[in-house]
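Me: Please take a close look at the aromatic rings in this one for me. I'm new to this, so go step by step and keep it in one connected answer.

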Amino acid sequence: MGTNNKGLMKQSTKTFYQEGKITEDYSLYDFLHGYLYSRWPYLYIGVALGEHKLARLLKPLFLGLSRILTPFSDNHVVDGGVAWADAYHGKVVPINEAKKLVNIKEEIVLKDLETIIPYSQAKDIIMLNPERIVALDCPCRLSRENPCLPLDVCLIVGDPFASFILEHQPEKSRLVSSGEAMEILQAEHERGHVSHAFFKDAMLNRFYAICNCCACCCGAFQAHRNGTPMLMSSGYTAEINEELCEGCGTCQEFCQFSAIQMVDEIATIDREACFGCGVCVDKCHNNLIVLNLDPQKGIPLEIEKLMKEAISVG
């Protein structure tokens, strides 16, 4: 989408705003928040992580603006804890399901997914023009002094988000095909990084991106470690055949959730700490690790199943 030079507002901004007007429980505050988040993601994330050189100055300003604008919002979200997680969260998606999310050929509307996305806000999957996918340089990685590489591993899926990012971040984003997106996902999986489907209130209360996260750079991991429960399990838990384990430690090395420990030279999994990403499954050269459905961890995000269920209900 080309840049609109005839007015003060780019075409993608107009589209974002118009989509917001027809989105339930989406206020002017939410749009302004979403615009700030998408227009200046590197500043936004850098300040949120405390890594930006202006963080000390800008963070109080951002919080002050939030308090001023809160009366205009239907979603009164307070700072930190569960309330913040309600508005911004990521669902762990194993590699095969992540690939399906970037291989959708038709527009879909899946609303009120409480059983899969157990938060009070931002739990819809509404994908308009889903084949429009943008690879964005990761704001979390770029905020760090020594980031993991490569950088272009954040996948913005569908409009209005993809077109907005492409138009406003031309130097740090590029349009990719579904096949290229799957290659990015696979490469990140092989590096041991975790695919998350991210949902945000300011992003029209719905899914907008797949981020490929490492515990060292990712802001969501950082927030989760600090007590904000913004990451959801995939709905699976890994299980190791301990009787055949050779104790090489490779699975422990790659586990981003620190859920695997070596006990008496045998790999053991902390079921509570495991988020079921599946990275360890493919790192075990003896194929001794599997993912099992775990009802206590919630329901997996299986996009094809959800689409079929929506069609049958319709």
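**A close look at the rings**

Reply: Let's start in helix α2 (residues 28-39), where Phe-31 and Tyr-35 are about one helical turn apart because they sit 4 residues from each other. Keep in mind that this is a predicted model.

How exposed are these two? Phe-31 has 10% relative accessibility, so it counts as buried; the cut-off for that is under 20%. Tyr-35 comes out at 24%, so it lands in the partly exposed group.

Now for the rings themselves. A pair of aromatic rings is described by the distance of the centres and the angle of the planes. The structure has 15 aromatic pairs. One of them is Phe-31 with Tyr-35: the ring centres are 6.3 Å apart and the planes meet at 40 degrees, so this pair is called tilted. That follows because stacked needs under 30 degrees and edge-to-face needs over 60.

Back to burial for a second: Phe-31, at 10%, is on the buried side. Next comes another pair, Tyr-88 and Phe-198, whose centres are 5.9 Å apart with planes at 55 degrees, so this pair is tilted as well. Here the partners come from distant parts of the chain: Tyr-88 belongs to strand β1 (residues 88-92) and Phe-198 to strand β6 (residues 194-200), with their positions 110 residues apart. Tyr-88 and Phe-198 are both buried.

So where do these pairs lead? Ring pairs join up into a cluster, and its members include Phe-31, Tyr-35, Tyr-88 and Phe-198. Among the other members are Tyr-37, Trp-40, Phe-161 and Tyr-208.

Tyr-37 has something else going on: Lys-200 lies over its face, 4.8 Å from the ring centre. Phe-254 has a similar visitor, since the charged end of Lys-283 sits over the ring at 4.3 Å from its centre.

One last stop, away from the rings: the cysteines. How many disulfides are there? The count is 0. Cys-138 is in none, and the nearest cysteine sulfur, from Cys-154, is 3.8 Å away. That pair doesn't qualify because the sulfurs would have to be within 2.5 Å. Cys-138 is buried, with a relative accessible area of 7%. Cys-251 is in no disulfide either, its nearest cysteine sulfur being that of Cys-248 at 6.2 Å. Cys-251 has 8% relative accessibility, so it counts as buried too.

Terms used
Residues numbered from 1 in each chain as written. Predicted model: local features only at pLDDT ≥ 70, side-chain atom pairs only at ≥ 80, totals over all residues. Heavy atoms only, no water. Phe/Tyr/Trp six-rings, centres within 6.5 Å; stacked < 30°, edge-to-face > 60°. Helix = DSSP H or I, 4+ residues; strand = E, 2+ residues; numbered from the N terminus. Buried < 20%, exposed > 50% of the residue type's maximum accessible area, 1.4 Å probe, protein only. Lys NZ or Arg CZ within 6 Å of the ring centre and 35° of its normal.
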